[in-house]
Amino acid sequence: MADPLFKVRTALYLGNFAVAISEGASTSVPPSNEALKNERDVLLYRAHIGLGQFDLVNHAISESSSISLQAVKVLSQYLQTFQNERGAEAARESLVAKIQQWLKDDTCKTNPDVLTISATIFTYEDKTDEALKCLHSQTTPEMTALFVETLTRINRLDLAERALRALQQQDEDSALTLLTTARLLLAQGKASDASSILGDLDTRA
């Protein structure tokens, strides 16, 4: 079955945030399909974060929003602290404590969006073990890609290569898989091969 959010996802992963927003806004979602609407909104707000539009995201997502969207808001608030010197460290500590509390909840600790965003924040915080723990289940391609990235950062290229093979088996030609492959190739010192892949991706941008 075709992924109705394929173009949105691809643009987001390639850093084409304005395109992701445009594609998301033009993607028709049946009113009855709450899960797909939620997934689209998560991608859209993440693209707004990519453009640095933190206030837009923070104001649009409320306490009544889904836990996935609330996780996106925490990411937005966390990244916004890097723009503000006053109280930034305390704000980050509070947000990290919030996701750590969420991860004690059975629903949250199996939610791919919560896990992906938590791992992203833990990576910023140099909490590698906690990031890997979030990603270990690899229930989505993005979680697997981030798992590979995290393993690469700590020079566990053997484990990263194994995880990459699992990602390639799901969809070896997706933008996410190719980006992840290029990242690992660079870590392995194969810059020419990585450059070839990135050149191919550039034609898709």
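## Thr177 in helix H11

In this predicted model, Thr177 has a relative accessibility of 1% and therefore counts as buried, the cut-off for that class being under 20%. The residue belongs to helix H11. Beyond its neighbours within four places in sequence, Thr177 makes contact with Leu164, Leu167, Gln168, Asp171 and Glu172.

## Helix H3

Helix H3 covers residues 34-50, 17 residues in total. From first C-alpha to last the helix reaches 24 Å, which is close to the 24 Å expected at 1.5 Å a residue. After H3 comes Gly52, which has a positive phi, near 80°.

The rest of the structure largely encloses H3, because twelve of its 17 residues are buried. Charged side chains appear in this buried set, among them Arg40, Asp41 and Arg46. The set also holds Leu36, Asn38, Val42, Leu43, Leu44, Tyr45, Ala47, His48 and Ile49. Packing against these buried residues are six helices: H1 (6-13), H2 (17-26), H4 (54-60), H5 (67-80), H7 (112-124) and H9 (141-153).

## The largest pocket

The largest pocket holds about 800 Å³ of space. Its lining comprises 24 residues, of which Tyr13, Arg46, Thr120, Glu142 and Leu146 are the closest to the centre. Two or more lining residues come from each of H1, H3, H5, H7, H9 and helix H11 (175-187).

H9 provides the largest share of this lining, with six residues. Sorted by class, the lining of the largest pocket consists of twelve nonpolar, seven polar and five charged residues.

## The second largest pocket

About 620 Å³ of space lies in the second largest pocket. Here too the lining is made of 24 residues, and those closest to the pocket centre are Asp3, Arg9, Tyr13, Glu39 and Pro141. The elements that each contribute two or more residues to this lining are H1, H3, H7, H9, helix H10 (157-171) and H11.

In the second largest pocket, H3 gives the most to the lining, with six residues. The class composition is ten nonpolar, seven polar and seven charged residues.

## Elements and residues shared by the pockets

Tyr13 is listed among the residues closest to the centre of the largest pocket and also among those closest to the centre of the second largest pocket. Arg46, a buried residue of H3, is one of the residues closest to the centre of the largest pocket. H11, the helix that contains Thr177, gives two or more residues to the lining of the largest pocket and likewise to that of the second largest pocket.

Note on methods: Residues numbered from 1 in each chain as written. Predicted model: local features only at pLDDT ≥ 70, side-chain atom pairs only at ≥ 80, totals over all residues. Heavy atoms only, no water. Helix = DSSP H or I, 4+ residues; strand = E, 2+ residues; numbered from the N terminus. Expected span 1.5 Å × (residues − 1). Buried < 20%, exposed > 50% of the residue type's maximum accessible area, 1.4 Å probe, protein only. Contact = heavy atoms within 4.5 Å. 1 Å grid on protein atoms, 1.4 Å probe; cavity = no way out; pocket = protein on both sides within 12 Å on 5 of 7 lines; lining within 4 Å. Points joined across faces, edges and corners; volume = space filled by probe spheres on them.
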